[in-house]
Amino acid sequence: MNVQLPAAASLERTDQVSRKIEAILSKAEGVQYYNTIGGFSLLNQVSASYNGFFFVALKPWAERNVDAQEVLVNLNGALAKQVPEAIAFAFMPPAIPGLGNSGGFSFWLQDRSGGSVDLLDQNLQKFLAAARKRPELAG
């Protein structure tokens with residue numbers, strides 16, 4: 001879950017909103033555990049007093065009557081109604097770590113042959129040209 005208050009909101013104010021959200025999570029069907037991090041946004045990697053995020057763990061399948069999507073919809077509805085002082089929303093983690101719907105993906109290109117920087121750049125340009133032709137990577 002991500003939480004963002006208006007710019008320049010204090011960490012104390014963010015903490016108050018986070019506690020309000022924790023109360024929602026403690027009663028949410030299907031939620032087992034949650035962890036709150038104040039002062040940082042996982043989505044944009046920014047440290048600021050007006051940001052926060054939560055890691056939310058669901059109960060095992062056998063112990064809940066709702067699927068993950070239903071938990072998400074229910075939480076987002078509750079957040080919209082009960083936390084008007086912040087932009088707070090839950091979202092699904094990527095199925096493959098590092099490959100998500102909003103952030104794209106990242107990788108490291110290494111030259112292990114000991115070649116020059118120019119050779120590495122030439123190979124990078126070839127790789128990017130080939131990647132741009134792939135419909136899966138368009139946009």
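Helices and strands here are DSSP runs, a helix having at least four residues and a strand at least two, and both are numbered from the N terminus. With that convention in hand, start from the whole protein chain of this predicted model, whose elements run β-α-β-β-α-β-α from the N terminus on.

**The whole chain**

Colour the chain by secondary structure, and the assignment comes to three helices and four strands. If you then colour by accessibility, buried residues make up 24% of the 139 residues in the protein chain. Turning to contacts between residues at least 6 apart in sequence, 57% of them join residues at least 24 apart.

**Helix α1**

Select residues 11–27 next, which form helix α1, an element of 17 residues. From its first C-alpha to its last the helix reaches 25 Å, close to the 24 Å expected at 1.5 Å a residue. Within α1, show the side chains of Thr14, Val17, Ser18, Ile21, Ile24 and Leu25, which are buried. These residues lie on the same side of α1, because they cover an arc of only 110° around the axis. The general background is that an α-helix has 3.6 residues a turn, so residues three or four places apart point the same way.

Now turn the view to the other side of α1, where Glu12, Arg19 and Lys27 are exposed. Which elements do the buried residues of α1 pack against? To see them, add β1 (2–4), β2 (31–41), β3 (46–58), α2 (68–82) and β4 (87–89) to the selection, as the buried residues of α1 pack against each of these.

Centre on Ser18, which is found in helix α1 and has a relative accessible area of 3%, so that this residue counts as buried. Leaving aside its neighbours within four places in sequence, Ser18 is in contact with Thr36 and Phe54.

**Along strand β3**

Move to Gly52, in strand β3, a buried residue with a relative accessible area of 0%. Select Gly39 together with Gly52 and draw the distance between their C-alpha atoms: the two residues are 13 apart along the chain, and the separation is 5.3 Å. Not counting residues up to four places away in sequence, Gly52 touches Met1, Asn2 and Val3, and also Ile37, Gly38, Gly39 and Phe40.

Leu58 lies in strand β3 as well. Is Leu58 buried, partly exposed or exposed? At 27% relative accessibility, Leu58 counts as partly exposed, since that category lies between the 20% under which a residue is buried and the 50% over which a residue is exposed. The C-alpha atom of Leu58 is separated by 5.0 Å from that of Gln32, although the two residues are 26 apart along the chain. With neighbours within four places in sequence left aside, the contacts of Leu58 are Gly30, Val31, Gln32, Arg64, Ala68 and Val71.

**The second largest pocket**

Display the second largest pocket, which has a volume of about 320 Å³. Its lining has 15 residues, and those to select at the outset are Met1, Val56, Phe91, Met92 and Pro93, which lie nearest its centre. Which element supplies the largest share of this lining? That element is β3, with five residues, while β3 and α2 each supply at least two. Colour the lining of this pocket by residue class, and the result is 15 nonpolar, no polar and no charged residues.

**Two loops**

Go next to the loop between β1 and α1, the place of Ala7, which is exposed with a relative accessible area of 63%. Select Ala48 alongside Ala7: their C-alpha atoms are separated by 8.7 Å, and the two residues are 41 apart along the chain. Ala8 is found in the loop between β1 and α1 too, and this residue is exposed, with a relative accessible area of 71%. Check the backbone of Ala8, where phi is near 75°, a positive value in a residue other than glycine.

Finish in the loop between β2 and β3, where Gln45 is found. Phi of Gln45 is near 60°, again a positive value in a residue other than glycine, and Gln45 is exposed, with a relative accessible area of 54%.

Methods:
Residues numbered from 1 in each chain as written. Predicted model: local features only at pLDDT ≥ 70, side-chain atom pairs only at ≥ 80, totals over all residues. Heavy atoms only, no water. Expected span 1.5 Å × (residues − 1). Buried < 20%, exposed > 50% of the residue type's maximum accessible area, 1.4 Å probe, protein only. Arc of directions from axis to C-beta. Contact = heavy atoms within 4.5 Å. 1 Å grid on protein atoms, 1.4 Å probe; cavity = no way out; pocket = protein on both sides within 12 Å on 5 of 7 lines; lining within 4 Å. Points joined across faces, edges and corners; volume = space filled by probe spheres on them. Nonpolar A, V, L, I, M, F, W, Y, C, P; charged D, E, K, R; others polar.
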